[in-house]
Amino acid sequence: MGTTGGNKHLLYKSVQDSKNYALISPQMGKQVVAFVAAMKIMAEQFPGAFSGYHLEVLESHQAGKLDTSGTAKDVIACFEKLGVSYDMNRMVKIRDPEQQLEMVGVPEEHIQGHAFHLYHLTSPDDSVSFEFQHNVCGRSIYAEGTIDAAMFLHRKVQSKDSKRIYNMDDVLREETCHKAY
């Protein structure tokens, strides 16, 4: 299941109580999952590295997306561990198609399905800046990740691995372990 909606605690509890195999992740796009994982590693290994920096966040999604991006929340949490103070109310959320075309640069054919994120950090004296950006046009990245997640879960059932809740990090780890270089 891939969603940022609903009651996360209730979802996890009901799935755990069922004692079944499951995979739950707010993000099914493997490359985005890997980016967030890299941000988490940086935050764990270098806490406070961006202390005093100012963060601006802009995210654009199709007009039908009602909630705040779970990916943006996760990345912001990493920046907070890196020492950046951020008020979630300052996030610029763009849902208007006209602004998405003109201001953000979303291709017209992807207005109905996209995820553009920009994180801009500036040092206290404005002499240094960093930008982290990930733009997704369409939904194929999520479909491909979902297929890989289903295949992963199928392998877990077939090999009689432990019945538990897995996530997309587990999918990535297993794929990385089995790739021949």
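Which residue caps the N-terminal end of H3? In this predicted model, that residue is Ser-69, with a side-chain oxygen 3.3 Å from the backbone nitrogen of Thr-71. The briefing starts with the whole chain, then turns to helix H3 and the strands it links.

**Overall architecture**

- The protein chain holds six helices and six strands.
- Read from the N terminus, the order of elements is α-β-α-β-α-β-α-β-β-α-β-α.
- Along the principal axes, the C-alpha atoms fill a box of roughly 55 × 40 × 40 Å.
- The protein chain has 181 residues, and 39% of them count as buried.
- Among contacts in the protein chain with a separation of 6 or more, 69% are between residues 24 or more positions apart.

**Annotated domain**

- UniProt, in an unreviewed entry, lists residues 32–172 under "domain: Dihydrodipicolinate reductase C-terminal".
- Helix makes up 41% of this span and strand 22%.
- The C-alpha atoms at the two ends of residues 32–172 are 11 Å apart.

**Helix H3**

- H3 covers residues 70–81, which is 12 residues.
- From its first C-alpha to its last, H3 reaches 17 Å, close to the 16 Å expected at 1.5 Å a residue.
- At the N-terminal end, the cap comes from Ser-69, and the backbone nitrogen it approaches belongs to Thr-71, a residue that is itself buried.
- Gly-83 follows H3 and has a positive phi, near 105°.

**Packing of H3**

- The buried residues of H3 are Gly-70, Thr-71, Ala-72, Val-75, Ile-76, Cys-78 and Phe-79.
- These buried residues pack against one helix, H2 (30–45), and against the strands E2 (54–61), E4 (114–122) and E5 (129–137).

**Strand pairing around E2**

- E2 and E4 run antiparallel and are joined by eight bridges.
- Within this pairing, Glu-59 has His-117 of E4 as its bridge partner.
- E2 is also joined to E3 (residues 92–94), by three bridges, and these two strands run parallel.
- In E3, Val-92 stands opposite Leu-58.
- The chain passes from E2 through H3 to E3, forming a β-α-β crossover that is right-handed.

**Summary of the local picture**

- H3 is the helix of the right-handed crossover between E2 and E3, and its buried residues pack against E2, among other elements.
- E2 pairs antiparallel with E4 and parallel with E3.

Key:
Residues are numbered from 1 along each chain as its sequence is written. This is a predicted model: local features need pLDDT of at least 70, side-chain atom pairs count only at pLDDT 80 or more; totals for chains, interfaces and linings use all residues. Side-chain values use heavy atoms; hydrogens and water are left out. Helices (H or I, at least four residues) and strands (E, at least two) are DSSP runs, numbered from the N terminus. The expected span of a helix is 1.5 Å times one less than its number of residues. Buried means under 20% relative accessible area, exposed over 50%, partly exposed in between (1.4 Å probe, protein chains only). Contact means heavy atoms within 4.5 Å. A polar contact is a pair of N or O atoms within 3.5 Å; within protein, one must be able to donate a hydrogen and the other to accept it, and residues adjacent in sequence count only if both atoms are side-chain atoms. UniProt positions are given in the numbering used here, feature names are shortened, and annotations may be inferred rather than shown by experiment. Two strands pair if DSSP finds at least two bridges between them. A crossover is right-handed if, with the strands pointing away from the viewer, the path from the first strand over the helix to the second runs clockwise.
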